[in-house]
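Here's a quick walk through one protein model, with an eye to its pockets, a helix and a few single residues. Have the viewer open as you read.

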Amino acid sequence: MTSIGSSTNTNSTSKSSLSAKTGIGGLVSGMDIDSLVEQMTSTSRLKITKQQQNLQRLEWKQASYRSVTTKLKEFQSKYLDVLSSTNFRSTSFFNTTKAASSSDAVTVTSTGSATAGTITIDSITQLATSQTVKSHDTVSKTLTGSIAVSDLVDSLQAGDTFSLTLDGKVKTITLDSAFVNDVQLAEGTFEAKLQGLIDTAFGQAGLINVDAAGADNLGALTFNAAAGSKLTINTVGDANTTLARMGFTSGQSNKINTSNAISDLSLSTTPASSGTFKINGTTFTYKSTDSLASIIEKINSSSTAAVTLSYSSITDKFTLTADSSGAGENAKIEDVSGGLMTALGFTDAPEDNKPGQNAILSVNGQAITRSSNTFEVDGAKITLKSAPSGPVTISMTEDATSLTDTIKKFVEDYNSMVDYINGLVSEESDSDYQPLTDEQKADMSETEIAAWEKKAKAGLLRGDSLLRSISSKFQSTVTGLSVNGFSLYSMGISSAGYADNGKLKIDESKLKTALETKGDQIRELFTSEKGLGNALNGIITDATKTSGVKGKRGTLVDLAGVDNTSSSTENSIYEQIKKANKNIKTLKTRLEDEETRLWNKFTAMETAINNLNSQSSILSSYTSS
């Protein structure tokens, strides 16, 4: 029959219609050969039907086991997973001491060791800071060409065009014939006239200044932007020759682009093609083909270097900041070879190296220093934000009742989980309801089919030993486990009784008292190594683990698998389904052979009768004559 709710049944079509019908079909004898063949092969058909029903039961069983796996993993994910906000295995979840600060200058949270009381920060002399090392000077080359202005002017052509981009604002500069004639006839006027074109284009003088570089650059043209501005020169359209005659390359800028390879950086000081440097003793190497951004990423991701390197296009400088705050040398740079760190502006100039400092404050009348602005005092995690105008009071108050609703929900979801498992184990079956054949379904409505199959599925896992074992482990754990003599019963949670088969009930008054007076014991019960949280997590993991190879996974997973994992086709029931499909295929082949054999016999009979009738007709005609 057709598989319901599963993709593992690949060949289960019902076998009721004749598949080997090849004869005359009773036209001579008048017999209903279709019915005769079907009746004579009824035993074979019944075998196929039983195999198909067995296949359907296997698929239903597999789905039921997988539904149990889902229930267990949902409970585990909600209450036992490290990423869950309601992780009953985490000590921080049971931290019921709430912390509050009287000033925004200091923030505070409680830790697992926090106790009720107050802490007074009398004063904060200074905050902790991290050591920073900055570039001694700007690191980018000026936006200067490579051709002397006198040579540049001689090569100008009317219509030469280029663009200037200033902090994202793009303007096109066109040197028309009048401009070219004027500067070529009047020597020394080029810079001033070009300045005028640029001022007009940007609508303001002084944003970009035109100059001719000194002897070091042979009097080449230079564009200077205001401090903090980024200026880039580019070609316009296909006019690539214009910039070449002016001694520039398209994309040339007064600020470096960290995405470029080191060899393409326009640095004031050019590093060697390869080299080595150290930061806090951690060695880094570079090649000229490496992008500067990739070098920065390597530095910032190194846990041993423990620094952050950044570049500001506003200041055109690099800053190296130690990850840790406090006094001491936490950002030490050594340019071993190649000179990359020197090219980035890091020198031994002391004015560019700002040491870190410790936080200095007074707590409860005691002067203390800390290397970080975040530290713990008596279970309170304190973070200094700024220097307050006066004393700051930190209040620690006990509020264990905040856990009441979560614990009640934990018990509710636990009961739902074990009730579902126990329901499958105790569910009654009805032998009158067997999986439907396709012919039976054809005569029924969708509602009738659903109602029938609900009854046919009932009791498939009745008395199942694996589910009973899981339920038994849960029951013995929640009712029998204790830590230092403290158990669920000690906090008002006990067995609901024999009739409720492993479910729990809560004495809310006793739970409230326990939360108010026995918070440490409750935390130990759930979070200790041999506590309830780890015990429950172990039971679920032993049943539902999907990692590893077949035979090393969870018991439910090895039996029925889990969708969208390798176990979906590597489990015991899947093997049984494959075997059932193979049996069905074999039985269908045998049925076809049996039908063919019977049809051949009936065809021979029809042929013989037809021949006898013909002979009889001939004899009758002779007698009549």
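What follows covers the pockets, then a helix, then three individual residues.

Keep in mind that this is a predicted model.

**Pockets**

Let's start with the two pockets, side by side.

| Pocket | Volume | Nonpolar lining residues | Polar lining residues | Charged lining residues |
|---|---|---|---|---|
| Largest pocket | about 390 Å³ | two | 12 | four |
| Second largest pocket | about 220 Å³ | seven | three | six |

Around the second largest pocket there are 16 lining residues, and Val133, Ile333, Thr347, Asp348 and Asn353 sit closest to its centre. Two elements, strand S16 (333–337) and helix H8 (340–343), each give two or more residues to that lining. S16 provides the largest share, with three residues.

The largest pocket has 18 residues in its lining, and those nearest its centre are Lys141, Gln252, Ser253, Leu265 and Ser266. Strand S5 (143–148) and strand S11 (252–253) each contribute at least two residues to the lining of this largest pocket.

**Helix H15**

Now for H15, which runs over residues 532–544. Its 13 residues span 18 Å from first C-alpha to last, close to the 18 Å expected at 1.5 Å a residue. Which residues of H15 are buried? They are Leu532, Gly533, Leu536, Asn537, Ile539, Ile540, Ala543 and Thr544. These buried residues lie on the same side of H15, because they cover an arc of only 155 degrees around the axis. As a reminder, an α-helix has 3.6 residues a turn, so residues three or four places apart point the same way. And what do the buried residues of H15 pack against? The list is helix H2 (42–79), helix H9 (404–426), helix H12 (465–480), helix H14 (519–527) and helix H16 (555–560).

**Single residues**

Two asparagines have a positive phi. Asparagine 280 has a phi near 50 degrees, positive even though the residue isn't glycine. You'll find asparagine 280 in the loop between strand S12 (274–279) and strand S13 (282–287). With a relative accessibility of 26%, asparagine 280 counts as partly exposed.

Asparagine 564 isn't a glycine either, and its phi is about 65 degrees. It's in the loop between H16 and helix H17 (572–624). Is asparagine 564 buried or exposed? Its relative accessible area is 79%, so asparagine 564 is exposed.

Last up is lysine 193, in helix H5 (residues 190–202). Lysine 193 is partly exposed because its relative accessibility is 33%. Setting aside neighbours within four places in sequence, lysine 193 is in contact with Phe179, Asp182 and Val183. Lysine 193 and arginine 57 are 136 residues apart in sequence, and their C-alpha atoms are 93 Å apart in space.

Definitions and conventions:
Residues numbered from 1 in each chain as written. Predicted model: local features only at pLDDT ≥ 70, side-chain atom pairs only at ≥ 80, totals over all residues. Heavy atoms only, no water. Helix = DSSP H or I, 4+ residues; strand = E, 2+ residues; numbered from the N terminus. Expected span 1.5 Å × (residues − 1). Buried < 20%, exposed > 50% of the residue type's maximum accessible area, 1.4 Å probe, protein only. Arc of directions from axis to C-beta. Contact = heavy atoms within 4.5 Å. 1 Å grid on protein atoms, 1.4 Å probe; cavity = no way out; pocket = protein on both sides within 12 Å on 5 of 7 lines; lining within 4 Å. Points joined across faces, edges and corners; volume = space filled by probe spheres on them. Nonpolar A, V, L, I, M, F, W, Y, C, P; charged D, E, K, R; others polar.
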